[in-house]
Amino acid sequence: AAWTTAGDIWRTLAPQLDAYALSFLVIAVYWLAHRRFFAMILKADAPVTVLNLVFLALVGLLPSTTHLVHAGGPTESAMEVYSALVVAIGVALGALWGYAALVADLAAPEVGRPERIFTFILILVTPPLFLLLVSWLRNPPPGVVPLAIAALFLVGWPMRLWVLRRLQRRAPDAAGRTRVPVTGSPRADHP
């Protein structure tokens, strides 16, 4: 392709940059949730390890499906495959947190049951919201989906913190222990 202006270069690279931005944002949101969960999980048993590997294997598929979506322009079937993968990653992460926090009780005791349940529900609800976003944005121009995800994240993060603070105020620890800070970690050795 003959590039004569910076605009030509930008138009040529726009689909690849869009794909990169989309994958980066999806991986970043899941990484932040994963990091937050493991800051609250005190130990990992065999099921946690297996669920974590399933989660990571699914995340590893994101670059391939992103390429599929943007190789020939976003098509409906390619977006369905991509969206299904994003939901599968969310379900895997939800299963990981649900098992560790609600079934095996591997989370720090400072993390109350209401926070555990809210976090579990939040991680299961977020991927279907992504599906709704994708279904509303049919064949969007480059940059629209990553910007929409970034905007939702910037709105959703403070809302999550607000709900967690309210849950912590409502359900104080029966033993009088300090509650887990919503922006930090219950373990001093894990920032």
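Q: Which helix of the chain has the highest mean pLDDT, and which the lowest?
A: This is a predicted model in which local features need pLDDT of at least 70 and side-chain atom pairs count only at pLDDT 80 or more, while totals for chains, interfaces and linings use all residues. Residues are numbered from 1 along each chain as its sequence is written, and side-chain values use heavy atoms, with hydrogens and water left out. pLDDT is the predictor's confidence in each residue, from 0 to 100, and helices are DSSP runs (H or I, at least four residues) numbered from the N terminus. Among the elements of the chain, the highest mean, 97, belongs to helix α2 (residues 46-60), and the lowest, 74, to helix α6 (residues 144-170).

Q: Over which residues is the pLDDT below 50?
A: The chain has a mean pLDDT of 80, with 83% of its residues at 70 or more. One stretch has 20 contacts (heavy atoms within 4.5 Å) in the model beyond near neighbours in sequence, yet its pLDDT is below 50: residues 182-191.

Q: Is N52 buried or exposed?
A: N52 lies in helix α2 and touches H34, F38 and L96, not counting residues up to four places away in sequence. Buried means under 20% relative accessible area, exposed over 50%, and partly exposed in between (1.4 Å probe, protein chains only). At 16% relative accessibility, N52 therefore counts as buried.

Q: How are the ring planes of Y20 and F24 arranged?
A: Both residues lie in helix α1, four residues apart, about one turn of the helix. Y20 is exposed at 56% relative accessible area, and F24 is partly exposed at 48%. Rings of Phe, Tyr and Trp (its six-membered ring) pair if their centres lie within 6.5 Å; planes under 30 degrees apart count as stacked, over 60 as edge-to-face and the rest as tilted. With centres 6.2 Å apart and 20° between the planes, the Y20 and F24 pair is stacked.

Q: Which helices does the pair of F37 and W97 tie together?
A: The ring centres of F37 and W97 are 4.8 Å apart and their planes are at 25°, so this pair is stacked. F37 is buried at 1% relative accessible area, and W97 is buried at 0%. The pair ties together parts 60 residues apart in sequence, because F37 and W97 lie in helix α1 and helix α4 (residues 76-103) respectively.

Notes
Helix = DSSP H or I, 4+ residues; strand = E, 2+ residues; numbered from the N terminus.
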